[in-house]
Amino acid sequence: MTKCTGSLAELNSLPYIEGTLSAREIEQFEEHYFDCPVCLARLQAIQAVGLELARNPIALPAELEPRSRLGWPVWFWSAGAISAMLLVSVFTYKRIEVRPGKPTGALSQPQSPPQTQVPSQPAAKPVHLSQLADLTLPAFRLPNLRGESLDAHFEAGMKEYTNGNCSGTVAALAQVPAESGEARAAAFYSGACQMHLGDYASASQLLRNVANAGDSPQQEAALYELAQIALVGNDPATANAYLKRTIALRGDLEGKARKQRRRMTALTGQGNAVEGKNSEAK
Amino acid sequence: MGQSNYMSGEHRRDDAGVAVEKAQENERIVLAIVAGDQEAEQSLVLQYLHRIRAMLLARTRDPDLAADLQQDVMVEAICALRRGQLREVEKLSSFILGIARNVLNSHFEKATRQPVSLEFPNDLPDHVAAMDLVAEEQEQVLAARAISALDPVDRSILQMTLVEGLKPGVIAQQLRLSPTVVRQRKVRATRKVANLILKLSQNNSTTHLSERVVR
């Protein structure tokens, strides 16, 4: 095609991907690479790197942990100072102990042994995925077409739900008969409320029933909420599996699930999110 | 920013011949599509799919959305060509780029996500999905190899830039580097991975990125 060496793409690809080119520059660059395979290939190469890094995020190198962590000199001197204090305390305590007749003052008070040991190395902060969990109540959506009548208990339950009364919602929705058309929706919103109330076992049971019952308006949300429960339980494998199932449905929550999965993978390191325990969600 | 900045006079003469050939090829494809030739439609898809995908990916930063919209663009382009809407055949690339921009704008304006010409052809060749799968797998392998060749700090800089969309100042803070160093390392790392991918793809004829477009 052209004899372009790709220098235009070398110059513009990154700013183009980053969105820092002007509208005019974007148009010119697009007009160019639409007819220039050399520049197109270079642009595609950079895009492929971005996609690969998004699929398999890399963990930050250990030496580049965030600034908030204390550097080794601080740890060294702190640990030294605490160790010295403990040694002095123990030594003094023993000296007092071997002189029974003498008044001991404040030090004769019963002392509990030191509860904590000074770590020789700064302990790594455990990664807990619960910080990623989205525990907000899902918005209420009518389970059937507008105008169709709803089960009375379901309506009552959803009134409580929209008022933010989770206990009332659970109580009312428990009255919805199993054969009712709103039974699945009732199970979903009960599960969401149980989750909100902190009863994750009941919530999981209800939401699993909805998720595994097949295609329904609540299936995607149930899978997403199950992923949140797994995150609260710091179970990356299950969370990952539920998020993948959510994404696979390509519904309204796809974007949120993708974002959360990326964050989870970045937080736990690439392997942890996929390995770990045997996932119940598979 | 014009092409003339980096093209010698000799190259321009070469390009003139290439441009004529290309115009003739485009004319053949366009006329064949008007005549209902499905192989020509297939050629069009092969020729433009990756360009459209690159454009949509850069503009949306969402691979799934880009994949959805590229289908819309190809469908609309073929429908428009079947109706004979392209008057100047030499402007085929601009015509398709224009359709891609319109589809993208329509998507963002939420006016419509479907092509305007809703006579969705049942007989549209379905090469898009198959091509995508193969190409994506190949790109993935090459990109992974190129990334693994980078220094860990450079990898982090690229991830923060290309995936998280962070600016050099923010990256600099996180990595305890100066913004200037981040900018320099970002440019160098980008050039290095791109060169490596292109080199690897040249070694493997099935994965040559530019070749895929020229076909």
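Q: Before we look at helix α6 of chain A, when is a residue buried, and when is it exposed?
A: A residue is buried if 20 or more other C-beta atoms lie within 10 Å of its own, and exposed if 12 or fewer do. Anything in between is partly exposed. Keep in mind that this is a predicted model.

Q: OK, so which residues of α6 in chain A are buried?
A: That helix covers residues 166–173, and its buried residues are A:Cys166, A:Thr169, A:Val170, A:Ala172 and A:Leu173.

Q: And what covers the buried residues there?
A: The cover includes two helices of chain A, α5 (152–162) and α7 (183–197).

Q: Let's zoom out. How many helices and strands does chain A have?
A: Twelve helices and zero strands. Of its 282 residues, 37% count as buried.

Q: What about its contacts, how many join residues at least 24 apart?
A: If you take the contacts in chain A between residues at least 6 apart in sequence, 60% join residues at least 24 apart.

Q: Now chain B. How many helices and strands there?
A: Nine helices, and zero strands again. Chain B has 215 residues, and buried ones make up 35% of them. Among its contacts between residues at least 6 apart in sequence, 65% join residues at least 24 apart.

Q: Pick a helix in chain B for me. Which residues are buried in α7?
A: In α7, residues 168–175, you'll find B:Pro168, B:Ile171 and B:Leu175 buried. Looking down the axis of α7(B), the buried residues fall within an arc of 60 degrees, so they line one face of the helix.

Q: Why do residues three or four places apart point the same way in an α-helix?
A: Because an α-helix has 3.6 residues a turn.

Q: What covers the buried residues of α7(B)?
A: Helices α6 (152–163) and α8 (179–203) of chain B are included in that cover. Just after α7(B) comes B:Arg176, with a positive phi of about 55 degrees.

Q: What sign of phi do most residues have?
A: Most residues other than glycine have a negative phi.

Q: Which residue in the loop between α2 and α3 of chain B should I look at?
A: Look at B:Arg61, which sits in the loop between α2 (38–60) and α3 (63–82). B:Arg61 is not a glycine, yet has a positive phi of about 55 degrees. It counts as partly exposed because it has 18 C-beta neighbours inside 10 Å.

Q: And in chain A, what is found in the loop between α9 and α10?
A: A:Asn234 is found there, between α9 (219–232) and α10 (236–248). A:Asn234 also isn't a glycine and has a positive phi of about 55 degrees. With 16 C-beta neighbours inside 10 Å, A:Asn234 counts as partly exposed.

Q: Back to helices. At what angle do the axes of α2(B) and α4(B) cross?
A: Roughly 35 degrees, and the axes come within 11 Å. Their crossing is right-handed.

Q: Which residues meet in that pair?
A: From α2(B) you have B:Tyr48, B:Ile52, B:Met55, B:Leu56 and B:Arg59, and they meet B:Ile96, B:Ala100 and B:Leu104 in α4(B). That contact is made of seven nonpolar residues, one charged and no polar.

Q: What about B:Leu97, buried or exposed?
A: B:Leu97 is buried, because it has 23 C-beta neighbours inside 10 Å. B:Leu97 lies in α4 of chain B. Its C-alpha is 9.3 Å from that of B:Tyr48, although the two are 49 residues apart along the chain.

Q: Which residues is B:Leu97 in contact with?
A: Leaving aside neighbours within four places in sequence, B:Leu97 is in contact with A:Glu30, A:Glu31 and A:Phe34.

Q: Last topic, the nonpolar cores. How many residues does the largest have?
A: It has 70 residues, and those with the most contacts inside it are A:Cys39, A:Ala45, A:Val49, B:Ala100, B:Val193 and B:Ile197. Apart from that core lies another, of 43 residues, including A:Ala187, A:Met195, A:Leu206 and A:Leu223.

Q: And what does B:Ile197 touch?
A: Not counting residues up to four places away in sequence, B:Ile197 touches A:Ala45, A:Ala48, B:Leu142, B:Ala143 and B:Ala146.

Note on methods
Residues numbered from 1 in each chain as written. Chains lettered and ligands numbered in written order. Predicted model: local features only at pLDDT ≥ 70, side-chain atom pairs only at ≥ 80, totals over all residues. Helix = DSSP H or I, 4+ residues; strand = E, 2+ residues; numbered from the N terminus. Arc of directions from axis to C-beta. Contact = placed C-beta atoms within 7 Å. Axes fitted to C-alpha atoms, helices over the stretch in contact; angles between N-to-C directions. Left-handed = near helix turned anticlockwise from the far one by under 90°. Nonpolar A, V, L, I, M, F, W, Y, C, P; charged D, E, K, R; others polar. Core = buried A, V, L, I, M, F, W, Y, C linked by C-beta atoms within 7 Å.
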